[in-house]
Amino acid sequence: MWTTSAGAPARVVLLHAHPDDESLSTGALIAGLVADGHEVSVVTATRGERGEAMGELAALTGEAFVAQREYELRQALAALGVAEHAWLGSPPARADGRPPRRYADSGMRWVTPEVAGPCEDAGEDALSRAATAEAAADLAAFLVAAAADVLISYDDAGGYGHPDHVACHHIAAAAAAQVDGVAVFEIASQPRPGSAELVVDRAEFRPRLLSALACYPSQFRVDGDLIVHVGGQHQPITTACRLRRLDPPTGRS
């Protein structure tokens with residue numbers, strides 16, 4: 001899909017906010033990139049600590065819940081063929097000279113049945129309250145370590161408005177501005193008239209996508225062509241992803 005100046009498959013990094021976002025938003029895209037020979041890495045910003053569990057796992061809380069979400073992420077990445085993963089704030093996704101830190105889930109509230117907004121009780125360690133410059137430096141360190149050519153994250157709407165998704169948009173743009181040669185693409189929430197957009201549909205990788213989605217029993221279940229979330233929201237399963245090229249701010253370091 002993307003190539004380097006030498007004609008080799010580009011090295012692609014995706015920044016996602018929580019475990020399961022990589023599969024829900026870009027699962028078929030990831031599987032397709034891996035199959036096409038790209039080196040694909042996923043950086044996850046938080047462990048999704050503020051989420052809820054459903055079904056037989058509904059009683060999980062605290063570190064047991066976090067451990068479950070970490071386990072589910074590992075299983076999903078394996079299903080998609082991703083070998084390289086990092087947590088934002090932990091090496092190699094941590095700026096040199098800084099002790100590791102853990103960016104926490106900011107939580108959210110539903111503003112409308114389909115649009116989320118920030119919680120009023122996000123903790124001091126929440127991703128949405130972190131300095132963009134610090135988090136961007138952490139991501140930039142990973143981009144350098146991975147010799148990344150392409151970075152993919154959310155647009156400024158964050159998909160459905162989750163504050164951690166919005167934060168990832170700003171972190172990705174700022175990080176790419178620090179590293180030469182990285183093309184940034186955002187996952188477009190809605191078409192934007194006049195902008196160059198690329199719709200990638202890797203329908204042939206639907207089985208791998210379904211395998212990855214099945215790795216998240218604490219968060220949702222698959223019902224036919226729909227994903228039923230822990231809060232009861234229904235989301236169509238899609239193998240398509242709308243990408244928009246983002247020009248990062250100037251001023252590289």
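This passage walks through strand 1 and its neighbours, a small open sheet, and the largest pocket of a predicted model.

Strand 1 is a handy place to start. Covering residues 12–16, strand 1 is mostly covered, with five of its five residues buried. The side chains split into two sets: Val12, Leu14 and His16 point one way, while Val13 and Leu15 point the other way. That fits the usual pattern, since side chains in a regular strand alternate between the two faces of the sheet. Here both sets end up buried, His16 included.

Strand 1 has pairing partners in strand 2 and strand 6. With strand 2 (residues 40–44), strand 1 runs parallel, and five bridges join the two. Within this pairing, Val13 stands opposite Ser41 of strand 2. To get from strand 1 to strand 2, the chain passes through helix 1, making a β-α-β crossover that is right-handed. Strand 6 (residues 150–154) also runs parallel to strand 1, this time with three bridges between them. Leu14 has its bridge partner, Ile152, in strand 6.

Further along the chain there is an open sheet of three strands, ordered 9-10-11 and paired in the antiparallel sense. Strand 9 (220–223) and strand 11 sit at the edges, each pairing on one side only. From one strand to the next, the twist averages 30°. Strand 9 meets strand 10 (residues 226–229) over four bridges, again antiparallel. Arg221 has Val228 of strand 10 as its bridge partner.

Then there is the question of empty space. Rolling a probe the size of a water molecule over the atoms shows where such space is left. In this model the largest pocket holds about 1500 Å³. Its lining takes in 44 residues, and those closest to the centre are Leu24, Trp110, Tyr160, His229 and Gln235.

Several of the elements named above turn up again in this lining. Helix 1 (21–35), the link in the right-handed crossover, supplies at least two residues of the pocket lining, as do helix 4 (158–161), strand 11 (234–236) and strand 12 (240–246). Helix 4 gives the most, with four residues. Strand 11, then, is both an edge strand of the open sheet and a contributor to the pocket lining. As for chemistry, the lining is a mix: 17 of its residues are nonpolar, 19 are polar and eight are charged.

Definitions and conventions: Residues numbered from 1 in each chain as written. Predicted model: local features only at pLDDT ≥ 70, side-chain atom pairs only at ≥ 80, totals over all residues. Heavy atoms only, no water. 1 Å grid on protein atoms, 1.4 Å probe; cavity = no way out; pocket = protein on both sides within 12 Å on 5 of 7 lines; lining within 4 Å. Points joined across faces, edges and corners; volume = space filled by probe spheres on them. Nonpolar A, V, L, I, M, F, W, Y, C, P; charged D, E, K, R; others polar. Pairing = 2+ DSSP bridges. Axes fitted to C-alpha atoms, helices over the stretch in contact; angles between N-to-C directions. Buried < 20%, exposed > 50% of the residue type's maximum accessible area, 1.4 Å probe, protein only. Right-handed = clockwise from strand over helix to strand, strands pointing away.
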